[in-house]
Structure formats: structure tokens, C-alpha cells
Amino acid sequence: MTNGSQSPGGEHSYPQRGQQQYGGAVPPPWAAPTVPSGVAAHPQPSPPPGGGRRSAIVAVCAAAAVVAAAGVAGFLLLGGDDEEKPAAGPTPADSVAPSDGPATAGPLVPGWKTVVNPKRGIAFDVPAQWAPKPTAWVSYVAEDSDPEETPLVGFSAPAILKEKWCLSDEDSDGTKEETALASAGSRGESGARSTEEAARENARLWVYGSYAQPHEDKVTTGPAEPFTTKSGLTGSVATATSSGVEAKGRCDFDGSATAFAFEDAKGEIVSWTFVGVRGVADEVPDATVRKILSTVRLAEGTS
């Protein structure tokens, strides 16, 4: 697995399984972001949830949108073959990043936090212990075998739960890499023919890229079902899970993803996705995932 960063939006097409995700030898421009002049990268980026398979992330912390161009502005590698099991218990709670998004109404769930993706015009709420990231923070997963690290799927302006939930030094370089327990974010779904297709493929790709690769047969994707949020937003929701993947490293786990695809104010298909570790004591309950999902709405003051 490779976790990383791209310009906000994360559009991708839907090729047949087994084909390259993008045509041509060079990834599309949004797959290779750089930091705009005068903007510093986040000093300690953390990956989205996933196991000890090779992973990386770039977090660009800027109020302005990331400019898509050639190159990647730094990343953190995770992975290896350590068979040691993770230590029991969570790490200290995450600190909350200051919001740099537009003003929007307060959370629909008392005591929760509102997360806004201004580029996509999407907002949702998360429990108090989650850490919303700056709006230019983008996460993706890619094939282990892809030297270009072309994103399979990604999302932007996420919130992350327990960024340091699992720590490991798989490459024995003396630096402990971090694996988060869960994260959630939103994206555009360019090329999707329907909300049903977008929801199922989004969930499948996140689970495959984060937890199961190279074993596509270890991923089970459920049917897309109609769903309506508290705000009256209608669309399709689907869940994918991995099971039976051999753990090769300290932070390798099975995982799950729940994706909700819908049309935004412009009639374009967009999505919200939860991704998290599965089958552990700290696993985020499905009831909580559905409660977060129920708060997804079109954000005020965005375009």
C-alpha cells in the first residue's frame, strides 16, 4: 500500500479491474502536487489508516488550494516485514488543527466538530476526539508496485482519529512510522457514471489499497443502497471490507471503508468516505460511522 497526497478533489476514472488506473506513462497533473511558492509543507505528516505495507503521505498546509504540477513535495514512508504484533492500547489523543475553511453552520451533533471541504462544498461532523486537518491536506493510496505512486483513490480536507494508533520501524532506520486508526474525507468523482458506481468503487479501492493489496480477492464490497442524510441529501452508500490478509508487519490489519456518493449543488457526483482499521478493540463501531455519515451536507459559503 502507498498512502500519499494529491491536489484536492481526487478525481479518477473507473477502468476495468486489473488495468492501469490512468492511461499513458505519466500520471495526470492532480496526482503529483507541489507546494506553491512561499508555502511550507506540514512538518510531521501522518498517514491515513492502513497496515505496515509500504505507505507514504504528503500534507500541504496552506489556506489556498494546492496547485497541481509535476513532482511531490516530501513524504513519509511506512512498511516492511516485521512480524511483531502492535502494542495494546491507543496513543495520546490528537491535537486539533485550526480550521482554515469557510464559515458554516455548527455541528448537527452536539459536542462534535464540523469538517469542511471548501473546494467540494461538503461538510460533515466528527466526534470530539477526531482531529480535522487543514483544507489543503490530501490523502491517497497507490499500488505498492507502482514506482510513480499513481493514486488509486484519495480524499481531501479529512479528519483523522488517533494518528499514532500504531507505531513501527519496519525499515529499521530508527524512525517510528505512524498508522492512524481511522480517517474520513471527501472528494470529486470525475468519470463516475452513477452514485452507485462511485460509492462501490470508492469503498473497494480504499480497502484494497490500504489493507488488502495485492489480494483483490480478499476484498468484499457490498451493494450500493439508497441513503438520505439529516440535511435531506440523497445518494448511494456502499461498504467494503478486507478479511484474511496475511499480516507481514507490526501495523498490518484488516480494514473497512464506507463511501457515500451524491450530487453536489452543480449536479456533479462527489463523495464522502470513512476508512478504518477493522477487527481490533479500538475499531470505530458501524453505528458511529453511520452517525458521522448522517451529518454529511452541502457546506455554506463554498463553491
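1. A word on terms: a residue is buried at under 20% relative accessible area, exposed at over 50%, and partly exposed in between, using a 1.4 Å probe and protein chains only. The model is predicted, with local features needing pLDDT of at least 70 and side-chain atom pairs counted only at pLDDT 80 or more, while totals for chains, interfaces and linings use all residues. Numbering runs from 1 along each chain as its sequence is written, and side-chain values use heavy atoms, leaving out hydrogens and water.

2. Overall picture. There are two helices and 15 strands in the chain (DSSP runs numbered from the N terminus: H or I of at least four residues for helices, E of at least two for strands). Of the 303 residues, 55% are buried. Among contacts (heavy atoms within 4.5 Å) with a separation of 6 or more, 69% are between residues 24 or more positions apart. The exposed area comes to about 12300 Å², with 52% of it from carbon and sulfur atoms (Shrake-Rupley method, 1.4 Å probe; for residues, only the protein chains shown count as cover).

3. Helix 1. This one covers residues 195-212, and its 18 residues reach 24 Å from first C-alpha to last, close to the 26 Å expected at 1.5 Å a residue (the expected span being 1.5 Å times one less than the number of residues). Helix 1 is mostly covered, with 16 of the 18 residues buried.

4. The main core. What counts as a nonpolar core is a set of buried Ala, Val, Leu, Ile, Met, Phe, Trp, Tyr and Cys residues joined through side-chain atoms within 4.5 Å. The largest has 48 residues, and the members touching the most others are Phe 124, Trp 130, Phe 260, Trp 272 and Val 296. At least two residues each come from several elements, including strand 3 (122-126), strand 6 (151-161), strand 9 (182-188) and helix 2 (286-293). Helix 1 gives the most to this core, at seven residues. Another core, of six residues, lies apart from it, and Ala 199, Ala 238, Ala 261 and Ile 269 are among its members. As background, nonpolar side chains in soluble globular proteins tend to be buried together.

5. Val 296 up close. Which residues is Val 296 in contact with, leaving aside neighbours within four places in sequence? The list is Ile 122, Ala 123, Phe 124, Thr 229, Ser 231, Leu 233, Phe 260, Phe 262 and Trp 272.

6. Ala 240, for a second local view. Ala 240 is found in strand 12 and is buried at 0% relative accessible area. Not counting residues up to four places away in sequence, Ala 240 touches Ala 203, Arg 204, Val 207, Val 219, Thr 220, Thr 221, Gly 255, Ser 256 and Ala 257. The C-alpha atoms of Ala 240 and Asn 202 are 9.0 Å apart, with their positions 38 residues apart along the chain.

7. Helix 2. Here Val 289, Ile 292 and Leu 293 are buried. They span an arc of only 100° around the axis, so they sit on the same side of helix 2 (the arc is taken over directions from the helix axis to the C-beta atoms). The buried residues of helix 2 pack against strand 3, strand 11 (225-228), strand 12, strand 13 and strand 14.

8. Salt bridges, buried pairs. There are seven in the structure, each a side-chain nitrogen of Lys or Arg within 4 Å of a carboxyl oxygen of Asp or Glu. Arg 297 pairs with Asp 125, with the closest N and O atoms 3.0 Å apart. Since Arg 297 is in strand 15 (residues 297-298) and Asp 125 in strand 3, the pair ties together parts 172 residues apart in sequence. Both ends are covered: Arg 297 is buried at 7%, and Asp 125 is buried at 0%. Glu 163 bridges to Lys 133 with closest N and O atoms at 2.6 Å; Glu 163 is buried at 8%, and Lys 133 is buried at 12%.

9. Salt bridges, the rest. Is the pair of Lys 162 and Asp 282 buried or partly exposed? Lys 162 is partly exposed at 21%, and Asp 282 is partly exposed at 23%. Elsewhere, salt bridges with shared partners join Glu 201, Arg 204 and Glu 216 into one network. The closest N and O atoms of the Lys 162 and Asp 282 bridge are 3.9 Å apart. That pair links the loop between strand 6 and strand 7, home of Lys 162, to the loop between strand 14 and helix 2, home of Asp 282, 120 residues apart.
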